[in-house]
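Open your viewer, bring up the sequence beside it, and get ready to click along. Each stop on this tour tells you what to select and what you will find there.

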Amino acid sequence: METALPKTPWKRQVLFLAVLLLVWEVGCEAIRYSLPEETESGYLLANLAKDLGLRVGELATRGARMHFKGNKQLLQLDVKTGDLLVYEKLDREVLCGGTDPCILHFQLLLENPVHIFQTDLQLTDINDHSPEFPDREMLLRIPENAQPGTVFPLKAAQDFDIGRNTIQNYTINPNANFHVVTRHRGGERRYPELVLDKALDREEQPELRLTLTALDGGAPPRSGTMTVCIEVVDINDNAPQFAQSLYEVQVPEDSPLNSLVVTVSAQDLDSGTHGKITYALFHDDDLFETFVIDESTGEIHLKRALDFEASRYFNMEIIASDSDGFSGKCTVAVEVVDMNDNAPELTLSKLTSSIPENSPETVVAVFSVFDPDSGDNGRMVCSIQNDLPFFLKPTFKNFYTLVTEGPLDRESRDEYNITITVSDMGTPRLKTEHNITVQVSDVNDNAPAFSQTSYTLLVPENNSPGLHIGTVSATDTDSGTNAQITYSLLPPQEGDQDPQLALASLLSIHADSGQLFALRALDYEALRAFEFRVGAADRGSPALSSQALVRVLVLDANDHAPFVLYPPHNASTPCTELLPRAAEPGYLLTKVVAVDGDSGRNAWLSFQLLQASEPGLFSVWAHNGEVRTARLLSERDAPRHRLLVLVQDNGEPPLSASVTLHVLLVDGFSQPYLPVAEGARDPAPPDALTVYLVIALASVSSLFLFSVLVLVAVRLCRRSGASSLGGCSLPEGHFPGHLVDVSGAGTLSHTYQYEVCLTGESANKEFKFLNPIIPPNVIQDTQQYFT
């Protein structure tokens, strides 16, 4: 009998009350079969599937299995046909002993869904045992003055069969002095008594030998015999008499050996040796092995440990005999009191060791409990730990199922150790524990997660093909193949910055490690930055994936030398700068303008006068490339000068370019411009030719200057003010300004205009460079560039 308590704050318990069991038994009738004992193995008992109303093959698909008490297989089920066969010969006396009827309970367990059918097998007795007496002979001493009708008890035979197959009658061979009477002691137990029909005469016949026969009711009947030796003794007037004809006593089953059970007492009114009484047990071998009596005192002691579950009652006949053989008898009825000496038994019928996560309510195990004790000692409580997502559910009689409360999450916990505790309600309480380990198998319910939502990779330009530029990493909290990640480059999506980017020609990704490699050299000047997306997909079914944004920044390398915009160095005719001889020190001759295709420090330019035909006459400002005079000119200075200016960037290693400036010294602006080819170093012409050339040059210069002055004067008269000339004030006699356009590329990608004003008031006719006529934002970029 089992009972499960409701959940408490300490444990989750299931309470089965006796009323619930009674209601359950009424609503769930068991299928009962009957089978004679000793039936041969393989005998077809029935078709269980048909009797239960199940389809052919349903037993196999639902994992049918038989459950027997103690897990001892008695029958065999063919799940394909549904036939129920005898597994081995069944001995009713071994399985049930003296219990009648002999009913063996077993259950049919089905899965998907879980269902339990109760089935009973009744073993009917066959007459396979003969009656047996405890002794081959017994001695009976009867005084010769015994009166007819006196009854003398005889030893009873034992037959392990039951019903009609057990002992039904006792007989004795025909004689003139005695007959046998068969009496009932209790239940089906029959015992013989010898009745005196005719007075004995010791002098005539001092001894008789009779044959006692025990017959059962089988067909054919079986029998057993015992020889009764009767010794006729002299006259003894009184037989011993017990104080009680029936002694009733209760003995706890855990009583120690040799403990006192009861003391019987008898008296004999005779005196002397005729009044001396001896006590003896008058019963079968089983009682002899369990109890022993002191023949002098009548104390009955325990010889063997009692077991309530094996034998609950003992009936003993006690004989008190005097010296002459007169005897009296009494009955001792021993009731064994149940003690809580058996811990509950748990039999596991089904176990699912692995459960997929996210599954709804799932049956993990099916088990039964049993306690052979009675009363509260046999009432049981089943429980598991309170902090687990499982609960116990009573199903059929003493069967329980261990069920999940809901979906489990393997990522939170992948293994559960469950202890099923079955305890009884006796004093002291005994319990049995059974441990179950349940694994939670993985389901692909988690997509890979990148360690970052976006990655920024820095790659130097001009890299070698196949360079490892970075790694993206994702993790998956699943396990097994569900956690194996494959990386890939994703095609551009709408809204991406570079939808037309040929990503496959630039990069590749290792599918297993997420390492990114550059397939070819990157050029900062062509592609400074680009973005793309990478995907991480697991190998589950269905596969889950995620993506991350990768931003690649190409780092500039110093792979471009400075490019000189002015003076142009690729012109067919070299550019010659005019320098008045009256120029003051610091006079701005010209400005070297250069750009660099790189960026940052690699585009910071510095200028240096590398070579000059007249050292010390000119200087170059390092930051802006302005070429100025370093001292006053003298008549001894050559009229032509060649300057080699070096333009160098700030990269590692630095790159440079050079440009050659040709300078022609003039006396004011009347001296004509004489282009001189590079490298011309011919000796001076004869003096007459020089004079003519000077005269011609002076004339042309004077005419040119006069025309310019007239043109400037006319234009000045038409203007309202001179401020519109960009801050260059032109009084009377001023020359018109000349604008020099220099277009560049790279870091100096704007058009620069420089205005040259020639002032008539200055005696040395110096050039004056004014501010560049460019937009303000370009001026700011240029200032940053030169600083």
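Start with the whole chain in cartoon view: it has eight helices and 53 strands. Both kinds of element are DSSP runs numbered from the N terminus, with helices (H or I) of at least four residues and strands (E) of at least two. This is a predicted model, in which local features need pLDDT of at least 70 and side-chain atom pairs count only at pLDDT 80 or more, while totals for chains, interfaces and linings use all residues. Residues are numbered from 1 along each chain as its sequence is written, and side-chain values use heavy atoms, leaving out hydrogens and water.

**The whole chain**

Now switch on the surface. The accessible surface of the protein chain comes to about 40,200 Å², and 53% of that belongs to carbon and sulfur atoms; such areas come from the Shrake-Rupley method with a 1.4 Å probe, and for residues only the protein chains shown count as cover. How many of the 787 residues count as buried? The share is 42%, where buried means under 20% relative accessible area, exposed means over 50%, and partly exposed is in between (1.4 Å probe, protein chains only). Contacts (heavy atoms within 4.5 Å) often reach along the sequence: among those with a separation of 6 or more, 67% are between residues 24 or more positions apart.

**Two nonpolar cores**

Select Tyr 170, Phe 178, Leu 194, Val 228 and Ile 230, the residues with the most contacts inside the largest nonpolar core, which has 28 residues. A nonpolar core is a set of buried Ala, Val, Leu, Ile, Met, Phe, Trp, Tyr and Cys residues joined through side-chain atoms within 4.5 Å. Colour the strands that give two or more residues to this core: E9 (137–143), E11 (167–172), E12 (178–186), E13 (189–196), E14 (207–216) and E15 (223–233). In soluble globular proteins, nonpolar side chains tend to be buried together.

Zoom in on Val 228. Not counting residues up to four places away in sequence, Val 228 touches Met 138, Leu 140, Leu 154, Leu 208, Arg 209, Leu 210 and Leu 212. Apart from this core lies another, of 27 residues, with Tyr 33, Phe 68, Phe 106 and Leu 123 among them.

**Salt bridges**

Next, show the charged side chains. A salt bridge is a side-chain nitrogen of Lys or Arg within 4 Å of a carboxyl oxygen of Asp or Glu, and a search of the whole structure finds 20 of them.

- Select Glu 40 and Lys 89, whose side chains meet in a salt bridge (3.1 Å, N to O). Glu 40 is in the loop between strands E2 (31–36) and E3 (44–47), and Lys 89, 49 residues apart from it, is in the loop between strand E6 (83–86) and helix H4 (92–96).
- Select Glu 231 and Arg 141, where the closest N and O atoms are 3.9 Å apart in a salt bridge. This pair links strand E15 with strand E9, 90 residues apart.
- Select Arg 183 and Glu 193, a salt bridge with its closest N and O atoms 2.5 Å apart. Arg 183 lies in strand E12 and Glu 193 in strand E13, so the pair ties together parts that are ten residues apart in sequence.

Is Glu 193 buried or exposed? Glu 193 is buried, at 6% relative accessible area, whereas Arg 183 is partly exposed at 35%. Add Lys 329 to your selection: Arg 183, Glu 193 and Lys 329 are linked in a network of salt bridges.

**The cysteines**

Which cysteines does a disulfide join? Select Cys 96 and Cys 102, with an S to S distance of 1.8 Å. The search of the whole structure finds one disulfide (a pair of cysteine sulfur atoms within 2.5 Å). The torsion about the S-S bond of this pair is about 65 degrees, so the disulfide is right-handed. Cys 96 is buried at 16% relative accessible area, and Cys 102 is buried at 1%.

Move on to Cys 330 in strand E24 (residues 327–337). Cys 330 is buried, with a relative accessible area of 1%. Its contacts include Phe 242, Gln 244, Tyr 247 and Met 316. Cys 330 and Gln 244 are 86 residues apart in sequence and 6.9 Å apart in space, C-alpha to C-alpha.

**A patch on the surface**

For the last stop, select Leu 458, Leu 553 and Leu 555, which form a nonpolar patch on the surface with about 240 Å² of accessible area together. Patches are made of residues with over 30% relative accessible area and no salt bridge, with like charges joined within 9 Å and nonpolar side chains (Val, Leu, Ile, Met, Phe, Trp, Tyr) within 5 Å. Leu 555 sits in strand E41 (residues 545–555) and is partly exposed, with a relative accessible area of 38%.
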